[in-house]
Amino acid sequence: MPANLPPQYYEAEERYRRARTIEEKLRILKEMWAIMPKHKGTDKLQGELKAKISRLKKEISKPSLRKKSYSFHIPKQGAARVVLLGAPNTGKSKILNVLTNTTSEVADYPFTTREPLVGMMSFEDIKIQLIDTPPLTEEAIDPRLKEIIQSADLILLIVDLGSEEILEQMEIGLKKLKEQNVKVLIVGNKEDLPGSKEHREILKDLYKERFPLISISAKELKGIEELKRKIYEKIDIIRVYTKAPGKAFDKGEPIILRKGDKVLDAALSIHKDFAHRLKYTRMWRGNKFKGKRVEKEEILEDKDIVEFHI
Ligand SMILES: Nc1nc2c(ncn2[C@@H]2O[C@H](COP(=O)(O)OP(=O)(O)O)[C@@H](O)[C@H]2O)c(=O)[nH]1
Ligand SMILES: [Mg+2]
């Protein structure tokens with residue numbers, strides 16, 4: 001039996017697709033429910049509509065979504081914090097999922113992420129905290145989001161290479177990042193879509209002097225390993241391993257330091273007392289140094305091994 005829906009129904013359905021908030025969506029769904037003729041032919045549709053309505057009602061009533069859209073303080077975890085920012089639908093949630101091997105809500109309609117979602121990305125032997133944020137709009141930035149941005153070691157500004165609005169997406173993002181002393185990596189997502197090559201060239205022409213740029217497809221898993229490495233390089237950390245005197249090197253968890261940090265910083269990160277009592281240090285660095293005696297002021301590099309003598 002055909003559904004025979006009136007034109008007003010399709011008109012409402014179209015508005016539903018464009019609706020930007022859950023509240024608005026719910027209102028339109030109720031309207032569609034009222035318009036829909038209730039007979040055998042619409043049985044299936046009625047069921048679907050009812051299910052959608054009850055899902056949205058539930059979402060709205062979640063106190064965490066309504067009262068405070070997200071908390072002020074996400075504890076820092078891992079070697080660094082990377083924040084994903086971008087216009088709606090650019091693929092932020094999808095990228096978070098791919099980088100952290102988790103699944104969170106990824107939807108075809110914008111504004112899915114209403115509070116920051118946190119995940120940990122593994123890179124070699126460290127973990128990096130990633131935060132997915134609510135989509136950026138023309139509206140003034142939420143001060144709580146600003147706080148999260150300021151606490152980041154790196155911002156991934158995500159844009160949609162398949163979208164004709166890619167330059168607007170860039171400008172919205174850059175406007176929010178203005179005067180926020182943070183490092184930015186531009187991630188052009190959806191390189192699988194038509195038109196993406198041209199858009200990438202345009203982005204390069206306009207922004208490559210100011211920002212590093214990488215292009216990926218979260219959907220087709222292209223460029224993901226490169227993105228992980230790039231993130232690692234941009235957060236400017238080094239890993240230093242310790243070795244106990246007189247024992248063979250047993251690679252454990254690295255000490256995480258900033259580029260430019262010294263032997264003393266490595267010792268301090270173990271314990272303040274330890275650093276005070278430090279007499280000398282031996283260092284291994286690839287094929288270059290094999291147990292060389294170094295001073296507290298020696299600048300360390302990624303993957304150095306140190307042996308503290310107190
Ligand atoms: N073609 C294509 N679609 C993608 C890609 N990444 C994400 N999407 C889709 O884009 C839509 C929005 O993704 P989502 O992660 O929810 O975007 P967000 O609003 O920025 O969090 C979803 O339908 C995704 O499946 C991609 O690399 N290629
Ligand atoms: Mg999202």
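**Exercise 1.** Leaving aside neighbours within four places in sequence, which residues is Ile 231 in contact with?

*Solution.* The model is a predicted one. Step 1: set aside the residues within four places of Ile 231 in sequence. Step 2: list what is left, namely Val 82, Leu 99, Met 121, Ile 128, Leu 154 and Leu 156. Step 3: place Ile 231 in the largest nonpolar core, which has 27 residues. Ile 231 is among the members that touch the most others, together with Ile 95, Ile 128, Leu 156, Val 187, Leu 227 and Ile 235. Step 4: find the elements that give two or more residues to this core: strands E1 (81–86), E2 (117–123), E3 (126–132), E4 (154–160) and E5 (184–189), with helices H5 (92–100) and H9 (224–234). Another core, of 24 residues, lies apart from it and includes Leu 145, Leu 174, Leu 177 and Phe 211.

**Exercise 2.** State which residues of H9 are buried and how they are arranged about its axis.

*Solution.* Step 1: the buried residues are Ile 224, Leu 227, Lys 228, Ile 231 and Tyr 232. Step 2: viewed down the axis of H9, the buried residues fall within an arc of 140 degrees, so they line one face of the helix. Step 3: just after H9, Asp 236 has a positive phi of about 60 degrees.

**Exercise 3.** Determine whether Lys 176 is paired in a salt bridge.

*Solution.* Step 1: Lys 176 belongs to helix H7 (residues 166–177) and is buried. Step 2: the nearest side chain of opposite charge is Glu 138, 5.8 Å away. Step 3: a salt bridge needs the charged atoms within 4 Å; Lys 176 has none. Step 4: not counting residues up to four places away in sequence, Lys 176 touches Leu 136, Thr 137, Glu 138, Glu 139, Ala 140 and Ile 141.

Terms used: Residues numbered from 1 in each chain as written. Chains lettered and ligands numbered in written order. Predicted model: local features only at pLDDT ≥ 70, side-chain atom pairs only at ≥ 80, totals over all residues. Heavy atoms only, no water. Core = buried A, V, L, I, M, F, W, Y, C linked by side-chain atoms within 4.5 Å. Buried < 20%, exposed > 50% of the residue type's maximum accessible area, 1.4 Å probe, protein only. Helix = DSSP H or I, 4+ residues; strand = E, 2+ residues; numbered from the N terminus. Contact = heavy atoms within 4.5 Å. Arc of directions from axis to C-beta. Lys, Arg positive; Asp, Glu negative; His and termini not counted.
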